[in-house]
Amino acid sequence: MTKAFRFARTGGPEVMEWTDVEVKAPGRGEALIRHTAVGINYIDTYHRSGLYPLPLPSGIGVEGAGVVEALGPGVKGLKVGDRVAYNGGPLGAYSEQRIYPADRLVKLPKGVSDKTAASMMLKGMTACFLLKRTFKVKPGMTILWHAAAGGVGLIACQWAKALGATVIGTVGSDEKAKLAKAAGCKHVINYNKENFVERVKQITKGKGVPVVYDSVGKSTWDGSLDCLAPLGMMVSFGNASGAVPPFPIGVLAQKGSLFLTRPTLFTYSAQPKDLQALARDLFKVVGDKTVKIKINQTYPLSEAPQAHRDLEGRKTTGSTVLLP
Ligand SMILES: NC(=O)c1ccc[n+]([C@@H]2O[C@H](COP(=O)([O-])OP(=O)(O)OC[C@H]3O[C@@H](n4cnc5c(N)ncnc54)[C@H](OP(=O)(O)O)[C@@H]3O)[C@@H](O)[C@H]2O)c1
């Protein structure tokens, strides 16, 4: 038996139950992992609330790090005792022990602690594919990144600056503005106080930006489109304020032949080789300190519901880690 969070109905953080669950021996191609650190991500709240529907009952959590305790038949390249980390499904990271597909595990290099791995495997690889694959950020570009002081945001802003971009970050408070600035945002806009579209126009001398990275969704959607230069790329990759309502695609024509994409890490890392390549890229920028990972909150694993309340209440900054 081990302890894990499960939920049988969607709703607020209270639907997550800390329960005894049985862990089977790993099957073909699987590994049994004992978690040492577990990452919290906004997507966990979408799963829990029902915004992203799932068959229930379900486990929860998509990012973790730990030690391999047993391996099923047919697993290559891993041994018992290896330190590993992962992102993505099957859901169930909020647990002390779990079974996971071995070909989706990444071995951790010496310089990366389990806690750091659990705080960045999903957020850091997301920053990586968004900045380097979905839209290739180039030196001299000015880009707009919403929720710049969040988990993905603090990583992405440092990385974008290192790629040579001038980063405009939006945040919801003056405290968060300081963090975004320290993470390399040349301009920080508190969108709870200022009109971010006007400020972006001012900063870019009326031109707009070639790309907007928008994970806030509903509340920033219209403004984000207005920040784009003609032929600009709207990267809508999350919905922290709620899902973007359906909209007429003619708007993209009216606003300057804009491009729109709704990418997910799961598509960009579907092939194990792409997953490993993203991990290498991430370990490199973290290893050489181009990107510093900020774990600004930790909670005992059993207090995951409180971590959800704080994340949804916009109280957290940077990464949040649960400790078994
Ligand atoms: N597509 C993908 O593959 C992918 C992968 C990873 C993450 N994501 C998305 O990226 C976003 C960031 O994820 P994260 O885990 O790093 O979370 P996070 O950025 O640490 O937290 C979300 C932030 O969104 C901002 N926000 C704006 N309006 C909000 C509202 N009404 N309610 C709550 N928060 C609001 C808050 O910052 P302020 O107070 O500064 O506004 C909040 O701190 C999420 O939308 C997530 O779904 C997508």
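Ala, Val, Leu, Ile, Met, Phe, Trp, Tyr, Cys and Pro count here as nonpolar, Asp, Glu, Lys and Arg as charged, and the others, Gly among them, as polar. On this basis, the shell around the ligand divides into 14 nonpolar, 10 polar and 4 charged residues. The model is predicted.

The ligand is surrounded by 28 residues. Gly172, Lys176, Tyr191, Leu265 and Arg314 are the closest of these. Two domains take part. Domain 1 (2–121 + 293–323) gives at least three residues to the shell around the ligand, and so does domain 2 (139–262).

Polar pairs link the ligand to the protein at several points. At Tyr42, a polar backbone atom lies 2.9 Å from an oxygen atom of the ligand. At Tyr46, the partner is an N or O atom in the side chain, 2.8 Å from an oxygen atom of the ligand. At Phe237, a backbone N or O atom is 3.0 Å from a nitrogen atom of the ligand. The ligand taken alone exposes 910 Å², and the protein buries 91% of that area.

The site of the ligand is the largest pocket. Four helices each give two or more residues to the shell around the ligand: helix 1 (42–49), helix 2 (114–134), helix 3 (151–162) and helix 10 (304–312). Helix 2 gives the most, with 3 residues.

The backbone was also examined for unusual geometry. Two cis peptide bonds precede prolines. One runs from Leu56 to Pro57, with omega near -5 degrees. Pro57 belongs to the loop that joins helix 1 to strand 4 (58–59). Helix 1 is also one of the elements that give two or more residues to the shell around the ligand. The other cis bond runs from Gly89 to Pro90, and its omega is near 0 degrees. Pro90 is found in the loop between strand 6 (83–87) and strand 7 (97–101).

Ala147 has a positive phi, near 55 degrees, although the residue is not glycine. Ala147 lies in the loop between strand 9 (142–145) and helix 3. Helix 3, in turn, is among the elements that give two or more residues to the shell around the ligand.

Conventions
Residues are numbered from 1 along each chain as its sequence is written. This is a predicted model: local features need pLDDT of at least 70, side-chain atom pairs count only at pLDDT 80 or more; totals for chains, interfaces and linings use all residues. Side-chain values use heavy atoms; hydrogens and water are left out. A residue is near a molecule or strand if one of its heavy atoms lies within 4 Å of it. A polar contact is a pair of N or O atoms within 3.5 Å; within protein, one must be able to donate a hydrogen and the other to accept it, and residues adjacent in sequence count only if both atoms are side-chain atoms. Accessible areas come from the Shrake-Rupley method with a 1.4 Å probe; for residues, only the protein chains shown count as cover. On a 1 Å grid over the protein atoms alone, a cavity is a set of points where a 1.4 Å probe fits but cannot get out, and a pocket is an open set with protein on both sides within 12 Å along at least five of seven lines; lining residues have an atom within 4 Å of a point. A molecule sits in a cavity or pocket if more than half of its atoms lie within 2 Å of its grid points. Domain bounds come from an automatic or database domain assignment.
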